[in-house]
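Trainee: I have a model open and would like to go through it. Can we start with the surface and then move inwards?

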Amino acid sequence: MLINNNCNCAGSQELEDRVSSLERRLRALEQPAWRISPDESRWDSCNLGPCDCRIETASLSCWSLGLVDLPPEQVVPRDVAKIDLSNNQLMALHKETFDGLERLNHLDLNDNTIKHLPINIFKSLQNLTHLRLSKNFLRGIDKNQLMPMKSLEILDLSMNRLRSIPIGAFSTNSALALLDLSSNRLASLGARVFFGASKLEELLLSRNELADLHLESFTGLASLRRLSLDENRLSDLNPATFDDLQTLEELDLRANKLKHLSVNLVSSLASLQALHLSSNNLSHINVGAFRGLKSLRELDLGYNRLKNLPRGLFLPLVSLERLMLHGNWLQSLETGEFAGLVNVTTLFLHSNHLRFIHVACFKDTPRLRKLQLERNELANVPKGVFARAASLTQLQLGSNPWRCDCHSLPLATWLRNQYRRSVDSATEKVGDSLTTTTKNPKTLSVVSSWWEFGAGAVCRTPAVLSGQPLVALGFRELCLDEWASMKGFSPRLPTQPVDLRTIANLRADDDYYADR
């Protein structure tokens, strides 16, 4: 009985869909059609209707008029080049709405409530280059509907209710450069579904329900440069899925359900410059996964479940400049994990669980300028760990449980030296002295730098120093307690906050002690 009930429900849904489709088609037949005129007075007559007509741009705009149907009193010049019907309430259009408009090149139907388009509604639009159908209620397109538009370059079908794309739908659209199918209800893509769109450069499939891609879904897209598949339901991809995309420069797979990367999944993408894999379920990436990506400049692996980075993982990425590893489960950074990243300038490691960083961790990133380590579990770092990154100009260390004791003196001294260098450099540029710089608010704003507040490092422990910026503490504050306890002296008194002018004048002895 349960099976029968399910069958009955499925049959009822199918019948309901058929009835709804028939109603939409009948409504389209009943729609009024405006008058298309070749007369000499056509542009004067055009201005008598509710829409705005401009002969100098050969355009007709019915934008945001609250139209439910096309105004039958509107005259449309036969030589019109642009028609804007966006931001109305049109539910359907008569099949002869655009008959004879052979010079039309831009048509905007965005933001209506269109549920159905007659199969032959575009039959006269051989010269149309831009068609915008976004933000409607279209559930599908006919296989032959787009065929007449052989000059079409941009097609926007985003934010509809499309459930599938018929194979052959783009067979005659060889000029198509951008196709936007984002924010629909596509669950799968068939083989060679985009065949014919040989000049397609951007394909946007974001925010659909894609759980499956056919091995040959992207066959024939020899010119594709950007492919967006983010915010779908992809959990597994055939290693040969992207093999035909030799010109691809950007691949977006963010916010899917990927658990692993096949070794050969992206290895054929020699032109790839940006790969976005954040917000997936990646817990491990095999060495060799990024083989062949010699042009890659940006790699986003943020918000996954990575616990470690295999040595050699990044060796092929000789051109990489930006690496995002934030929001993972990393607990330590070992030497050799960043081998190969000789051109990386930006490294995001915030929002992990880092407790340990090897002193030679950054020796393989000589050009590193921006490093984010905030929101981790770092209590201290080895002496000289950042000195390996000589080009470092921006560092974020905030929201870590820094333990401010003698082990922190090298870091405090290094941060203070970085601040001094930035002040000296800025002072040299403005031709002012350090004393003037610290007293003149206007000049101070000029030399204000990333190091001004010690990259955000604030003491968590001991309690007597809690809340103090590490950069403002020297040997007396960080080390005297340990020395006093050895000698049996009373512990130190609570330290008062230190302002930035004091940082510049802290005893040079700190450098001596920090080197010990």
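Trainee: What area does the chain expose, and what share do carbon and sulfur atoms supply?
Mentor: The chain exposes about 24,100 Å², and carbon and sulfur atoms supply 49% of it. Accessible areas come from the Shrake-Rupley method with a 1.4 Å probe, and for residues only the protein chains shown count as cover.

Trainee: Anything to keep in mind about the model?
Mentor: This is a predicted model, in which local features need pLDDT of at least 70 and side-chain atom pairs count only at pLDDT 80 or more, while totals for chains, interfaces and linings use all residues. Residues are numbered from 1 along each chain as its sequence is written, and side-chain values use heavy atoms, with hydrogens and water left out.

Trainee: How many of the residues count as buried, as a percentage?
Mentor: Of the 516 residues of the chain, 48% count as buried. Buried means under 20% relative accessible area, exposed over 50%, and partly exposed in between (1.4 Å probe, protein chains only).

Trainee: And how many helices and strands?
Mentor: The chain has eight helices and 24 strands. These are DSSP runs numbered from the N terminus: helices are H or I with at least four residues, strands are E with at least two.

Trainee: Switching to aromatics. How many pairs does a search of the whole structure find?
Mentor: Eight aromatic pairs. Rings of Phe, Tyr and Trp (its six-membered ring) pair if their centres lie within 6.5 Å; planes under 30 degrees apart count as stacked, over 60 as edge-to-face and the rest as tilted. One of the pairs is Phe194 with Phe218, which is stacked because the ring centres are 6.4 Å apart and the planes are at 0 degrees.

Trainee: Where do Phe194 and Phe218 lie?
Mentor: Phe194 is in the loop between strand 10 (188–189) and strand 11, and Phe218 in the loop between strand 12 and strand 13 (226–228), so the pair ties together parts that are 24 residues apart in sequence. Both Phe194 and Phe218 are buried.

Trainee: Why does the pair of Phe314 and Phe338 count as stacked?
Mentor: Because the centres of the two rings, Phe314 and Phe338, are 6.5 Å apart and the planes are at 25 degrees. Phe314 is buried at a relative accessible area of 0%, and Phe338 counts as buried at 0%.

Trainee: Which residues do ring pairs link into a cluster?
Mentor: Phe290, Phe314, Phe338, Phe362, Phe386 and Trp414.

Trainee: Last one, Ser206: buried or exposed?
Mentor: Ser206 is buried, with a relative accessible area of 7%.
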